[in-house]
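User: I've got a model open and I'd like to go through the labels people put on it. Can we take them one by one and check what each rests on?

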Amino acid sequence: MEIGYARVSTAKQDLSRQLDALASAGITKVFADKRSGATTDRPGLHAALEHARDGDVIVVHTLDRLGRTVRDTLNLMHELKERGVGVRTLADPLRIDTSNPDSPMAQLAVVMLALFAEMERTYAAERAAHARAVATANGRRTGRPSLVDAAKLEHALMLREKGAPMREIVTKTGLARTTLYRHLPPRSPAQNAGLWNPDGKTWCFMPGTTSWVPIGLSHQATA
């Protein structure tokens, strides 16, 4: 049995062209979606896949109607092949028909698709790497947006500037140590040495405490 599937990306687009092509090919059982290929929520496609049985063929106008990327489409075709279900296209320049796995043209089409998928992954990785490099060079942060509470981070920075040890900052802010290391600037060499000059005076960190005192007072405290 041949099962038709048609898809357009938005509700405003028209399915008529695809439906007419499927009807002209003698396809009477047709499922359709008005959803972007970027979403997995495609009820029409899911219904078509559930309806398909061993020996059936899913027919589409062009192969991009099945998946968002060549890799997605290849994965779907592989799953269908495992179930004994073929895929046939009507209007692709390189006609695809996997209903006959022994067909040399069918095998060639799958090989070509695999090649295009590899090129697609390579180009996507190169574009992403270039975008990250440009963003970094321009001082922009890349990756997912930070979910750290800005107020807590400001509090942590204030404690760091006062010379508080990391253990105290973690306790008072509730932020994880790894988060603090990622977001706080490193201590200055003077702070690492136990010295601090926030107001022109030299302060010293008192061992065994969490306090900074002027060097003159620290001598008195240890006298």
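Analyst: Here's a run through those labels, starting with a reminder that this is a predicted model.

User: Fine. What is the overall make-up of the chain's secondary structure?

Analyst: The chain has nine helices and seven strands. Of its 223 residues, 32% count as buried.

User: What makes β2, β1, β3 and β4 a sheet, and in which order do they sit?

Analyst: Pairing takes at least two bridges between two strands. β1 and β2 are joined by six bridges, β1 and β3 by four, and β3 and β4 by four. Each pair therefore clears the cut-off of two. The order is β2-β1-β3-β4, and the sheet is open with parallel pairing.

User: Why are β2 and β4 called edge strands?

Analyst: Each of them has a single partner strand, so one side of β2 (29-34) and one side of β4 lack a neighbour in the sheet. On average, neighbouring strands here are turned by 25° against each other, ignoring direction.

User: Which residues can I click on to follow the pairing across the strands?

Analyst: Try Gly4. Its bridge partner in β2 is Val30, and its partner in β3 is Val59. From Val59 you can carry on to Arg88, the bridge partner in β4. Back at β2, Ile3 stands opposite Lys29.

User: What makes β3, α3 and β4 a right-handed unit?

Analyst: Point the strands away from you and follow the path from the first strand over the helix to the second: clockwise means right-handed. β3, α3 and β4 make a β-α-β unit of that hand, and β1, α1 and β2 make a right-handed one too.

User: How do you know that α1 and α2 pack on the sheet?

Analyst: By their contacts, meaning heavy atoms within 4.5 Å. Helix α1 (residues 16-24) lies across β1, β2 and β3, at about 165° to β1. α2 touches β1, β2 and β3 as well, and its direction makes about 150° with that of β2.

User: Why is β3 said to be covered on both faces?

Analyst: Side chains in a regular strand alternate between the two faces of the sheet. In β3, Val57 and Val59 are on one side, Ile58 and Val60 on the other, and all four are buried. Buried means under 20% relative accessible area, so both faces of β3 count as covered.

User: What goes into the largest nonpolar core?

Analyst: It has 18 residues, and among those with the most contacts inside it are Tyr5, Leu49, Ile58 and Val87. β1 (2-8), α2 (43-51), β3 (57-60) and α3 (70-82) each supply at least two of the core's residues. To be part of such a core, a residue has to be buried and joined to others through side-chain atoms within 4.5 Å.

User: Why is Val148 called partly exposed rather than buried?

Analyst: Its relative accessibility is 22%, and buried would need under 20% while exposed would need over 50%, so Val148 lands in between. You'll find Val148 in the loop between α4 (104-137) and α5 (150-161).

User: Which residues does Val148 touch, leaving out those up to four places away in sequence?

Analyst: Val148 touches Leu153, Leu175, Thr179 and His183. Thr179 is 31 residues away in sequence, yet the C-alpha atoms of Val148 and Thr179 are 8.1 Å apart.

User: And how much of the chain's exposed area comes from carbon and sulfur atoms?

Analyst: They supply 56% of the exposed area, which is about 14000 Å² for the chain.

Notes:
Residues are numbered from 1 along each chain as its sequence is written. This is a predicted model: local features need pLDDT of at least 70, side-chain atom pairs count only at pLDDT 80 or more; totals for chains, interfaces and linings use all residues. Side-chain values use heavy atoms; hydrogens and water are left out. Buried means under 20% relative accessible area, exposed over 50%, partly exposed in between (1.4 Å probe, protein chains only). Accessible areas come from the Shrake-Rupley method with a 1.4 Å probe; for residues, only the protein chains shown count as cover. Axes are lines fitted to C-alpha atoms, for helices over the stretch in contact, and angles run from 0 to 180 degrees between N-to-C directions.
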